[in-house]
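Biologist: I should like to learn how to read a structure of this kind, one feature at a time. May we begin with the pairing of strands?

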Amino acid sequence: MKNMKFKSGTILMYECSGPEYSKLRQIFAMLRLRMRPVTPDKYHLTLAELADGKGDPLEDASDVKPVPERMLVFCGLNQVLLAQVLEVIRLAKLPPIPMKAVLTMNNLQWNTMQLYEELCREREAVQAQQNGQAPAEAGGEENAEAEAPKTEETKPEEPKTEETPEEKA
């Protein structure tokens, strides 16, 4: 997959609204990136709708719990800008944002919880690999590369946004 044509430079932000993230918001503003905080009343919308600022929030989202970890989804950034953003975040020494992903053709129609669950599976697979264990669920790997999830344990400087051999096959 090559670059997706979303409004250039949109970042979906989950649980990053506190004062400790004012520096993150300043960084995104300086880089002219559009920030879209995503609240639980919008978790039912697809990532594509969220990136485009479309879709209506739920009238009653009282039973929808926020994602338990901070999460960023990068939409419409080219690889150079994405690498720059990740490096600036790393250098800024912000509170950890364990879940990071890139919007791709594979995850475009997912909602927030589908993405979060996939990121958790990917993190577990990476941790198992680091511990010298086989991933518990080999079947969950085929889409994992395309989502470019990044945890604090893995280096976020090299997001995968190109087609992987599995996607071409």
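Modeller: Two strands pair if DSSP finds at least two bridges between them. The model before us is predicted. In it, strand β3 and strand β4 (residues 99-102) pair in the parallel sense over 4 bridges, and within that pairing L72 stands opposite K100 in β4.

Biologist: With which strand does β3 pair in the antiparallel sense, and over how many bridges?

Modeller: The general idea is that strands of a sheet pair through backbone hydrogen bonds, either parallel or antiparallel. Strand β1 (residues 10-14) is the antiparallel partner of β3, with 5 bridges between them. Two positions help to locate the register: I11 stands opposite F74 in β3, and the bridge partner of Y14 is M71.

Biologist: What is the order of the strands in the sheet?

Modeller: The sheet is open and has 4 strands in the order β2-β1-β3-β4, with mixed pairing. Its edge strands are β2 (34-37) and β4, each of which pairs on one side only. From one strand to the next, the twist averages 20°.

Biologist: How should one read the connection between β3 and β4, and what is its hand?

Modeller: A crossover is judged with the strands pointing away from the viewer, and a clockwise path from the first strand over the helix to the second is right-handed. Here β3, helix α3 (residues 79-91) and β4 make a right-handed β-α-β unit.

Biologist: Why may strand β3 be called largely enclosed by the rest of the structure?

Modeller: Burial is read from relative accessible area, and a residue under 20% counts as buried. Strand β3 (residues 71-75) has 5 of its 5 residues buried, so it is largely enclosed by the rest of the structure. The side chains divide between two directions: M71, V73 and C75 point one way, L72 and F74 the other way, and all are buried. Strand β4 can be read likewise, with M99 and A101 pointing one way, K100 and V102 the other way, and all of them buried.

Biologist: Is T10 of strand β1 buried or exposed, and what does its side chain contact?

Modeller: T10, which is found in strand β1, is buried, with a relative accessible area of 0%. Its side chain makes a polar contact with the side chain of R34, at 3.4 Å.

Biologist: Let us turn to helices. How does the span of helix α4 compare with the expected value?

Modeller: At 1.5 Å a residue, the 19 residues of helix α4 (residues 112-130) should span 27 Å, and the end C-alpha atoms are 27 Å apart, which agrees. The N-terminal end of α4 is capped by N111, a side-chain oxygen of which lies 3.0 Å from the backbone nitrogen of M113. After α4 comes G132, whose phi is positive, near 75°.

Biologist: Which residues of α4 are buried?

Modeller: An α-helix has 3.6 residues a turn, so residues three or four places apart point the same way. The buried residues of α4 include L115, L119, E122 and V126. C120 is also buried, with a relative accessible area of 15%.

Biologist: How many disulfides does the model contain?

Modeller: A disulfide requires a pair of cysteine sulfur atoms within 2.5 Å. By this rule the count is 0. The cysteine C75 is buried, with a relative accessible area of 0%.

Biologist: Which residues other than glycine have a positive phi?

Modeller: Two cases may be given. E15 is not a glycine, yet its phi is positive, about 60°; E15 lies in the loop between β1 and α1 (22-30) and is partly exposed, with a relative accessible area of 34%. K93, also a residue other than glycine, has a positive phi near 55°. The loop between α3 and β4 holds K93, which is exposed, with a relative accessible area of 72%.

Biologist: The loop between α3 and β4 also holds P98. Is P98 buried or exposed?

Modeller: P98 counts as buried, at 15% relative accessibility. The C-alpha atoms of P98 and R123 are separated by 9.5 Å, although these residues are 25 residues apart along the chain. R123 is itself among the buried residues of α4.

Conventions: Residues numbered from 1 in each chain as written. Predicted model: local features only at pLDDT ≥ 70, side-chain atom pairs only at ≥ 80, totals over all residues. Heavy atoms only, no water. Buried < 20%, exposed > 50% of the residue type's maximum accessible area, 1.4 Å probe, protein only. Expected span 1.5 Å × (residues − 1). Polar contact = N/O pair within 3.5 Å; in protein donor to acceptor, adjacent residues only side chain to side chain. Axes fitted to C-alpha atoms, helices over the stretch in contact; angles between N-to-C directions.
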